[in-house]
Amino acid sequence: MLYKLDIKNILFLDIETVPEKPDFSALSEEQRLLWEQKSKYQRKDEFTPEEYYDRAGIWAEFGKIICISVGYFIEKGSSKNFRVTSFYGQEVQLLKDFKNLLQEHFNQAKHLLCGHNAKEFDFPYIARRMLINGIKLPYKLDLFGKKPWEIPHLDTMELWKFGDYKHYTSLKLMANVLGIPSPKDDMDGSMVRDVFYKENDLDRIVTYCELDVVTTAQVFLRLRGEDLLSREAIKNV
């Protein structure tokens with residue numbers, strides 16, 4: 001089935017998130033209590049709620065999206081080109097811009113969204129933050145009432161599981177074992193919060209996010225047994 005998909009109908013994406021507030025002290029008293037309850041299982045007795053707050057960005061209830069990067073294929077004859085662009089800055093506006101992209105260019109039944117671990121993280125996170133910000137869900141993210149085979153989402157990590165639901169593989173590891181050259185990025189996901197709040201360097205985060213989109217697309221090509229994209233075939237728009 002994977003080989004029958006028209007790759008031009010797939011929108012690849014990745015998001016970067018940070019805690020909604022810069023530090024624990026910026027939370028209201030009620031928010032602090034709610035954070036303590038929400039994070040209790042993960043932090044156990046190893047961290048206080050304040051010490052664990054630097055990880056708040058992984059929960060949509062306490063985090064926010066600062067970048068959504070997307071990529072799509074353009075086929076010209078036998079050659080493939082890949083276009084990458086990003087929505088970043090104020091969360092409400094980037095969510096609206098992303099929704100407009102879906103509605104104007106990826107709104108048909110044939111269109112699919114694809115990310116790495118996106119079914120567990122990116123897709124539900126975007127949907128939750130849209131609702132929190134009062135934005136009506138676009139069709140591609142509104143899963144209410146849909147049967148499993150009607151959900152227009154692909155996940156490269158899920159494809160790699162081959163039914164082994166206990167198995168987690170990072171995008172970086174998948175790229176390595178599949179022979180995909182690793183981009184010379186200068187950061188990883190654990191650094192995004194500090195780069196955003198302490199270094200105020202959103203451009204660096206956008207570059208990192210776009211590199212993950214390209215890597216996800218390359219992984220997808222390898223899963224289909226196809227040749228990788230050359231550097232010349234990848235363009236930022």
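At 41% relative accessibility, Glu61 counts as partly exposed. That label sits between two others: buried means under 20% relative accessible area and exposed means over 50%, using a 1.4 Å probe and protein chains only. Glu61 is found in the loop between helix H2 (49-52) and S2. Helices (H or I, at least four residues) and strands (E, at least two) are DSSP runs, numbered from the N terminus. Leaving aside neighbours within four places in sequence, Glu61 is in contact with Glu20, Lys38 and Ile132, where contact means heavy atoms within 4.5 Å. Lys40 sits 21 residues from Glu61 along the chain, and the C-alpha atoms of the two are separated by 15 Å.

A quick word on what you're looking at. This is a predicted model, in which local features need pLDDT of at least 70 and side-chain atom pairs count only at pLDDT 80 or more, while totals for chains, interfaces and linings use all residues. Residues are numbered from 1 along each chain as its sequence is written, and side-chain values use heavy atoms, with hydrogens and water left out.

**The whole chain**

Let's zoom out. The chain has 8 helices and 6 strands, and along the sequence they follow the pattern β-α-α-β-β-α-β-α-β-α-α-α-α-β. The radius of gyration is 18 Å, close to the 18 Å that the globule rule gives for 237 residues, so the chain is as compact as a globular protein of that length. (That radius is taken over C-alpha atoms, and the rule is 2.2 Å times the number of residues to the power 0.38.) Along its principal axes, the C-alpha trace spans about 60 × 40 × 35 Å. Of the 237 residues, 48% count as buried. Take the contacts between residues at least 6 apart in sequence: 72% of them join residues at least 24 apart.

**Two helices with plenty of cover**

Which residues of H3 are buried? They are Glu91, Leu94, Leu95, Phe98, Lys99, Leu101 and Leu102. Seen down the axis of H3, these buried residues fall within an arc of 155°, so they line one face of the helix; the arc is that of the directions from the helix axis to the C-beta atoms. Here's some handy background: an α-helix has 3.6 residues a turn, so residues three or four places apart point the same way. H3 (residues 91-105) has 15 residues and reaches 21 Å from its first C-alpha to its last, close to the 21 Å expected, which is 1.5 Å times one less than its number of residues. What covers its buried residues includes strand S1 (10-19), strand S2 (63-76), strand S3 (79-88), strand S4 (112-115) and helix H4 (122-132).

Now for H4 itself. Of its 11 residues, 8 are buried, so H4 is largely enclosed by the rest of the structure. Among them are Phe123, Tyr125, Ile126 and Met130. The cover over the buried residues of H4 includes S1, S2, H3, S4 and strand S5 (153-155). Just after H4, Gly134 takes a positive phi of about 75°.

**The nonpolar cores**

A nonpolar core is a set of buried Ala, Val, Leu, Ile, Met, Phe, Trp, Tyr and Cys residues joined through side-chain atoms within 4.5 Å. The largest one has 26 residues, and Ile10, Phe12, Phe73, Phe82 and Phe220 touch the most other members. S1, S3, S4, helix H6 (171-177) and helix H8 (202-223) each supply at least two residues of this core, with the largest share, 7 residues, coming from H8. Apart from it lies another core, of 24 residues, among them Phe123, Ala127, Met130 and Leu141.

Where is Thr216? It is in helix H8, and with a relative accessible area of 2% it is buried. Not counting residues up to four places away in sequence, Thr216 is in contact with Phe12, Gly115, His116, Thr156 and Leu171. Phe12 has further contacts, including Ser69, Phe73, Phe82, Val213 and Phe220.

**Two asparagines with positive phi**

Most residues other than glycine have a negative phi, and most peptide bonds are trans. Here are two residues that have a positive phi although neither is a glycine.

| Residue | Phi | Loop | Relative accessible area |
|---|---|---|---|
| Asn117 | about 60° | between S4 and H4 | 18% (buried) |
| Asn200 | near 55° | between helix H7 (192-197) and H8 | 66% (exposed) |
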